[in-house]
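Me: Please take a close look at one part of this chain for me. Start with the overall layout, then settle on a single residue and its surroundings.

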Amino acid sequence: MHSMEPVSLVVGAAIALGGVMIGRMMPRRPPYPAPPPQVPAVSAKPATPQPICGCGHHLVFHDQETKMCQAQVVIPGRWVGQSGGTYRPCKCQGYRGPVPVDEYYAPDIIGGDS
């Protein structure tokens, strides 16, 4: 069996005691502040989901017949070794996102002329 040296035990105990003492003397951090209450934004009509493709562009940037994306993306210069950014065509293969539902007007059936 190996016995520990007395010097190693004293040094280890001093390090542990020093850590405890520093932890006791440090000021305590305040608890995390409560998040501010969320106030819902007032809007005339509820927000509807937007038709966003996998490339991050809206449906209006995609051609109606071919569904190919017509937008351009900016490639930062640090990725291609240039000082400024570079514009490249979007590599999206076509719009595959949700198709917006057409809005129709339906007259009220309650309280109307019967």
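Reply: From the N terminus on, the order of elements is α-β-α-β. That makes two helices and two strands in the chain. Keep in mind that this is a predicted model. The chain has a mean pLDDT of 76, and 74% of the residues score at least 70. Confidence varies between the elements. Helix α1 (residues 6-25) has the highest mean pLDDT, 91, and helix α2 (residues 77-80) the lowest, 62. Where pLDDT is low, the predicted coordinates should not be read in detail.

Now the part to look at closely: H57. Find H57 in the loop between α1 and β1, where β1 covers residues 72-75. Is H57 buried or exposed? H57 is buried, because its relative accessible area is 14% and the cut-off for buried is under 20%. Set that against the whole chain: of its 114 residues, 11% count as buried.

What is H57 in contact with, leaving aside its neighbours within four places in sequence? The list is P51, I52, H62, C69, A71, Q72, V73 and C90. Two of these names lead further. Q72 and V73 are in contact with H57, and both numbers fall in the range of β1 (72-75). P51, also in contact with H57, leads on to V99. V99 and P51 are 48 residues apart in sequence, yet their C-alpha atoms are 6.6 Å apart in space.

V99 itself is found in the segment after β2 (86-89). V99 is exposed, because its relative accessible area is 69% and exposed means over 50%. So H57 is buried, whereas V99 is exposed. For the chain as a whole, take contacts between residues at least 6 apart in sequence: 36% of them join residues at least 24 apart.

Last, go back to helix α1 for a contrast. M25 is found in that helix. M25 is exposed, with a relative accessible area of 64%. M25 also helps to make a nonpolar surface patch of about 570 Å², together with L17, M21, I22 and M26. The UniProt record, an unreviewed entry, annotates residues 6-23 as "transmembrane region". Over residues 6-23 the chain is 100% helix and 0% strand. The end C-alpha atoms of that stretch are 26 Å apart.

One figure covers the outside of the chain. Its accessible surface comes to about 11100 Å², and 63% of that belongs to carbon and sulfur atoms.

Key
Residues are numbered from 1 along each chain as its sequence is written. This is a predicted model: local features need pLDDT of at least 70, side-chain atom pairs count only at pLDDT 80 or more; totals for chains, interfaces and linings use all residues. Side-chain values use heavy atoms; hydrogens and water are left out. Helices (H or I, at least four residues) and strands (E, at least two) are DSSP runs, numbered from the N terminus. Buried means under 20% relative accessible area, exposed over 50%, partly exposed in between (1.4 Å probe, protein chains only). Contact means heavy atoms within 4.5 Å. Accessible areas come from the Shrake-Rupley method with a 1.4 Å probe; for residues, only the protein chains shown count as cover. UniProt positions are given in the numbering used here, feature names are shortened, and annotations may be inferred rather than shown by experiment. pLDDT is the predictor's confidence in each residue, from 0 to 100. Patches are made of residues with over 30% relative accessible area and no salt bridge: like charges are joined within 9 Å, nonpolar side chains (Val, Leu, Ile, Met, Phe, Trp, Tyr) within 5 Å. A salt bridge is a side-chain nitrogen of Lys or Arg within 4 Å of a carboxyl oxygen of Asp or Glu.
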